[in-house]
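Subject: The structure I promised you

Hi,

Here is the structure we talked about, with some notes on what turned up in it. Have a look at it first, then read on.

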Amino acid sequence: MDDMLKEFVVEALDLATNVEEHLLSLERNPGDMNTLNAVFRSFHTIKGGAGFMNLSAMVSACHLTENLFDALRTGQVPVTPEAIEAALEASGFVADQLTALNNGTEPDKLSTMPKSLEKMLTDAIEMKGVSKKPAAAKAKTPEAPKAEVRAAAPEAKKAETGEVDWNAYYRAVTPPGTLPEDVVEAEAEEAQTEDVHAPTPREETEAVKSSLSGGEVKQNAPAKEESIRIDAVKLNVLLEVAGESVQAANQAAVLLEKLSQFKFDGQAAPLMSALTETLTRASRYSTELQRATLATRMQPVGRLFQKFPRLIRELARDLGKEVDLNIAGAETEVDRVVVDSLYDPLVHMLRNALDHGIETAEERINANKSPRATISLKAWQEASSVMIEVTDDGKGMDAQRLRDKAVSKGLINMHDARTDDEAFQLVFLPGFSTKEVASSVSGRGVGMDVVKTAVERHRGAIRIASQLGSGTTFLIRLPIELSIVPTMLVRTDGASLALPMATVQRVVELPETFESVGGQPVLRDLGRPLPVKSLGKILGYTPASERVGIVIAAPSPYILSVDAVDGTADLVIKPLTCISTPGITGTARSAEGELVLVISLSFLIDGCKTRERITA
């Protein structure tokens, strides 16, 4: 793909995604002229770029949809469900074409515009039938933004003159605000009055030349010129280098501290002072470099969330259910790798909520609920983590039924999953499903297993809370930054280990003897009895004298005993690629250069149970 086509595809994909969001908003508020105009502008912009790239099928779809929305915003055609459906189909077709181009498909290999889509759009346009409003009536409609009344379709110009109208192409692909005000206003008047003299090609050429030579172009230049697109691979390399520079600066600081214990006389004293100052400055700059690099990878989760309203709308229609999707916290930022990888897990969770959790309208009425259900998708930042919550107000989960189903499938024995919280986690087991017959939506026992695997791959954790008859909540915790993790460094049996600070509540001193409940050592912390678990024993080490306890924040809190605490550090994590060790998510280097094993966040939240089952 050449650079111009690649740039067009990236920008057009963003526009296509926003179009779906606008269309669903328009379905709820048919009279919203701002949304009508926004959709019109998006299709107009995509059509102009597609025409420049000779993407005929995309041009045809955008042209028909543009005609439809021109009729909608002028009141010639009412905003009906059929019109919205036709526009959504057109948006989906355009998005599919753009995705195919982005995946490497050659432009001449793209599919043609389906006849069914052409018919849907044509039928929606022809609903205007009864009355055509005169130009005077059009003047009463809210004024359209100036950017949307730019040049007519380039292909129309070509048909009239037999030559390509490059001026029209220029106006079609030029971002809004670039052309000077007088040219845009002149075009707006031409679009709103049918009897005004149309400018000749020579007059258009002079107008474009004037706009290019005038100083107004620089003054009105769009914000896009202040940003550039960078390949994600290059950003990853830059982030890795920045992380290593911080690591090197930390190690240099440790060496300098050890060196300062010696006495330096004569000319060595000022050299040591200068070295200390230089290393301090280098450390500060490397930290700033790391922060700036991390900031380039951060993206709002709204980029991901805006893909789901249409999914919910179509799936609810297929299942015959009435559902609203409420989104909050779309501005919350997280590492772009996390944003890209969360799409499939969230799709599984939303589909499960619709199919398993939400009742039919009749069932909800019988249960004294509103016939229209609600699914909430919310994100927020908590310390160094991003929390993503999916909640439905459906029928909830029956813990006993989950236990019975897991036992009948041979996934657990009768003594496992004793608490409701443990029973809810059974849905993440491979092969688990409460559906007797698989459908096109769910029931094959693979979806939630995929969710847990995807979340843990990015050092996250997922938990479930549910109340029978009231609904279910899935809560995902993920690190904001994937490569840098705030940790507490601990030691057991001589090994250096790191615990994510997201799970650490506080450090307590452990007594020589403990109370015992059911054979499990217990320590009272702030008046509550908490089980004490040996980190060394769980991971297969030989614990020595574990007199330090770490209170772990988990759904079922507990105390993790270790030999010693060495402090805290922000570590550059290297994932384990060749081997898989239960409880270990990656490795890092301490400031002293020592190898550190990083404990998995989900392993700690689950109560360190994985290793215990394996060694039992």
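Let's start with a single residue: in which helix is the place of Glu 66? Glu 66 sits in helix H3, which covers residues 56–73. One thing to keep in mind throughout is that this is a predicted model.

Is Glu 66 buried or exposed? Glu 66 is buried, because its relative accessibility is 6% and the cut-off for buried is under 20%. Leaving out residues up to four places away in sequence, Glu 66 touches Phe 40, His 44 and Lys 47. With Lys 47 there is also a polar contact, side chain to side chain, at 2.5 Å.

Now for the nonpolar cores. In soluble globular proteins, nonpolar side chains tend to be buried together. In this model, the largest nonpolar core has 49 residues, and the ones touching the most other members are Phe 305, Phe 308, Leu 346, Met 349, Ile 375 and Ile 388. Helix H17 (residues 343–357) supplies the largest share of this core, with 6 residues. There is also a second, separate core of 46 residues, and among its members are Ala 16, Val 19, Ala 90 and Leu 101.

If you want one residue to click on, try Phe 305. Setting aside neighbours within four places in sequence, its contacts include Ile 327, Ala 328, Ala 330 and Leu 346. Phe 305 is also in contact with Leu 377, Lys 378, Ala 379 and Ile 388.

Next, the sheets. One is an open sheet of 6 strands with mixed pairing, and its order is E10-E14-E15-E13-E12-E11. Which strands are at its edges? They are E10 (504–509) and E11 (515–517), each of which pairs on one side only. Going from one strand to the next, the twist averages 40°. E10 pairs with E14 (residues 548–552) in the antiparallel sense, over 5 bridges. To find your way there, look for Val 508, which stands opposite Gly 549 in E14.

Another open sheet, also of 6 strands and with mixed pairing, runs in the order E16-E8-E9-E19-E18-E17. Here the edges are E16 (564–572) and E17 (574–575), and each pairs on one side only.

It's worth walking inwards from the E17 edge. E17 pairs antiparallel with E18 (residues 584–589) over 2 bridges. Lys 574 stands opposite Thr 587 in E18, and Pro 575 has Gly 586 as its bridge partner. On to the next strand: E18 and E19 (residues 595–599) are antiparallel too, over 5 bridges. Gly 586 turns up again here, with Val 598 as its bridge partner in E19. E18 itself is mostly covered, with 5 of its 6 residues buried. The hairpin of E18 and E19 has 5 residues between the strands, and Gly 593 in that hairpin takes a positive phi near 90°.

Last, the cysteines. How many disulfides does the count come to? It comes to 0 disulfides, going by a rule that asks for two cysteine sulfur atoms within 2.5 Å. Two cysteines you could look up are Cys 62 and Cys 608: Cys 62 counts as buried because its relative accessibility is 0%, and Cys 608 is buried as well, with a relative accessible area of 0%.

Happy exploring!

Methods. Residues numbered from 1 in each chain as written. Predicted model: local features only at pLDDT ≥ 70, side-chain atom pairs only at ≥ 80, totals over all residues. Heavy atoms only, no water. Pairing = 2+ DSSP bridges. Helix = DSSP H or I, 4+ residues; strand = E, 2+ residues; numbered from the N terminus. Axes fitted to C-alpha atoms, helices over the stretch in contact; angles between N-to-C directions. Buried < 20%, exposed > 50% of the residue type's maximum accessible area, 1.4 Å probe, protein only. Core = buried A, V, L, I, M, F, W, Y, C linked by side-chain atoms within 4.5 Å. Contact = heavy atoms within 4.5 Å. Polar contact = N/O pair within 3.5 Å; in protein donor to acceptor, adjacent residues only side chain to side chain.
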